[in-house]
Amino acid sequence: MQALTRVGGTALRPNKVATWALEQRALRGMATKQTITVRDALNSALDEEMERDDKVFIMGEEVGEYQGAYKVTRGLLQKFGAKRVRDTPITEAGFTGLAVGAAFQGLRPVVEFMTFNFSMQAFDQIVNSAAKHHYMSAGQVTCPIVFRGPNGPAAGVAAQHSQDFAQLYGQVVVPYDAEDCRGLLKASIRDPDPVVFLENEIMYGESFEVDAKVMDKDFLLPIGRAKVQREGTDLSIVTSGKMVGYALQAAEELAKDGVSAEVINLRSVKPLDREAIANSVRKTHRLITVEEGWPQHGLGAELIAVAIEECFDDLDAPPERITGVEIPMPYSTPLETAALPHPADIVRVAKRMLNI
């Protein structure tokens, strides 16, 4: 008597089982991609990590009842309860200190700042408590904690809410698209050390197509490894976060003039993938860096230092930085626009570098 396999209540004989399996595999192959926003990528990563590990909890301003200032924590209070999604009426220094203490005891807090400008109120807790205890305890105390929230210029929020903190903290992750957000946030939550996870307010509603593997519950991206977002041969554009999108737009525009620009998405700025930067510069012989922060002591200065130290003899032109203007962010929309880099700036500098 032949064994039967049941699928959806229907009994299938072995030959039909094989046919059904092939059909299902084909259907899966047709639906290997889906579109997801940055906000939903972050939300799903939090949801899955909280479900996977009951030591993970979220703390911050309006993360529960209000569903998060930018709705990244939407639905998590209803699913996991107030014990694991904790609104707090106290200051940033207060709730950050509580979360750091919880991490010392083996929990895995995710601290949301409504904006990373507010993290200045908790600077001592992040830098002196969370970041240093593992070293100062000779490895006896770990602090598995993630500090996350929107970083850098948004729109119309003026000088006190527009600063870029990528160069200020220790282990800093800066995602660009939905794939980055899922893979890097999951890796950050599972990391045994403190991670500062810098998102961008303007990117939350942006949609990206992702492969099916990105939606796997165990999809992780290694912290400290850059991604070649676009292959090229004539010059390297190295950047992170929202500026990756601007670099890709500039590369498309340059391609109309026959220029092949390579775009490197750093994904994290500390640790920095020096090898990926050097390999790209060795191939293209030119380097442009892009950031929204200020030029002096900024990310671009470090990237250019890497190029000089690792592959000076490969450079055919002086590296150039494209940055924000070194002023407090204006509130006026036209002045704000003028103070920040745009794809046209990248195109202009690239053409000058190539003598076009």
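Which residues line the second largest cavity? I started there, keeping in mind that this is a predicted model.

**Cavities.** I found two cavities of 30 Å³ or more in the structure. The second largest holds about 50 Å³ of space. Its lining, as I listed it, consists of Val-38, Pro-175, Tyr-176, Cys-181, Glu-199, Asn-200, Met-203 and Tyr-204. Sorted by class, that lining comes out as six nonpolar residues, one polar and one charged.

**H2 against H7.** Next I looked up helix H2 (residues 38–52) and helix H7 (residues 178–190), whose axes come within 8 Å and cross at roughly 30°. That angle makes H2 roughly parallel to H7, because angles under 35 degrees count as such. I noted the crossing of H2 and H7 as right-handed. On the H2 side, the contact uses Val-38, Ala-41, Leu-42, Ser-44, Ala-45, Leu-46, Glu-48, Glu-49 and Arg-52. From H7 come Ala-178, Cys-181, Arg-182, Leu-185, Lys-186, Ile-189 and Arg-190. I split the residues of this contact into nine nonpolar, one polar and six charged. Val-38 and Cys-181 caught my eye, since I had them down for the cavity lining and then met them again in the helix contact.

**Backbone oddities.** Most residues other than glycine have a negative phi, and most peptide bonds are trans. I wrote down an exception to each. Lys-71 has a positive phi, near 65°, and sits in the loop between strand S4 (56–60) and helix H3 (76–80). The peptide bond from Lys-270 to Pro-271 is cis, its omega near 0°. I placed Pro-271 in the loop between strand S14 (268–270) and helix H9 (274–284).

Note on methods
Residues are numbered from 1 along each chain as its sequence is written. This is a predicted model: local features need pLDDT of at least 70, side-chain atom pairs count only at pLDDT 80 or more; totals for chains, interfaces and linings use all residues. Side-chain values use heavy atoms; hydrogens and water are left out. On a 1 Å grid over the protein atoms alone, a cavity is a set of points where a 1.4 Å probe fits but cannot get out, and a pocket is an open set with protein on both sides within 12 Å along at least five of seven lines; lining residues have an atom within 4 Å of a point. Grid points are joined across faces, edges and corners, and a volume is the space filled by probe spheres set on the points. Ala, Val, Leu, Ile, Met, Phe, Trp, Tyr, Cys and Pro count as nonpolar, Asp, Glu, Lys and Arg as charged, and the others, Gly among them, as polar. Axes are lines fitted to C-alpha atoms, for helices over the stretch in contact, and angles run from 0 to 180 degrees between N-to-C directions. Helices (H or I, at least four residues) and strands (E, at least two) are DSSP runs, numbered from the N terminus. Angles under 35 degrees count as roughly parallel, over 145 as roughly antiparallel, 65 to 115 as roughly perpendicular and the rest as oblique. A crossing is left-handed if the near helix is turned anticlockwise from the far one by less than a right angle, and right-handed if clockwise. Contact means heavy atoms within 4.5 Å.
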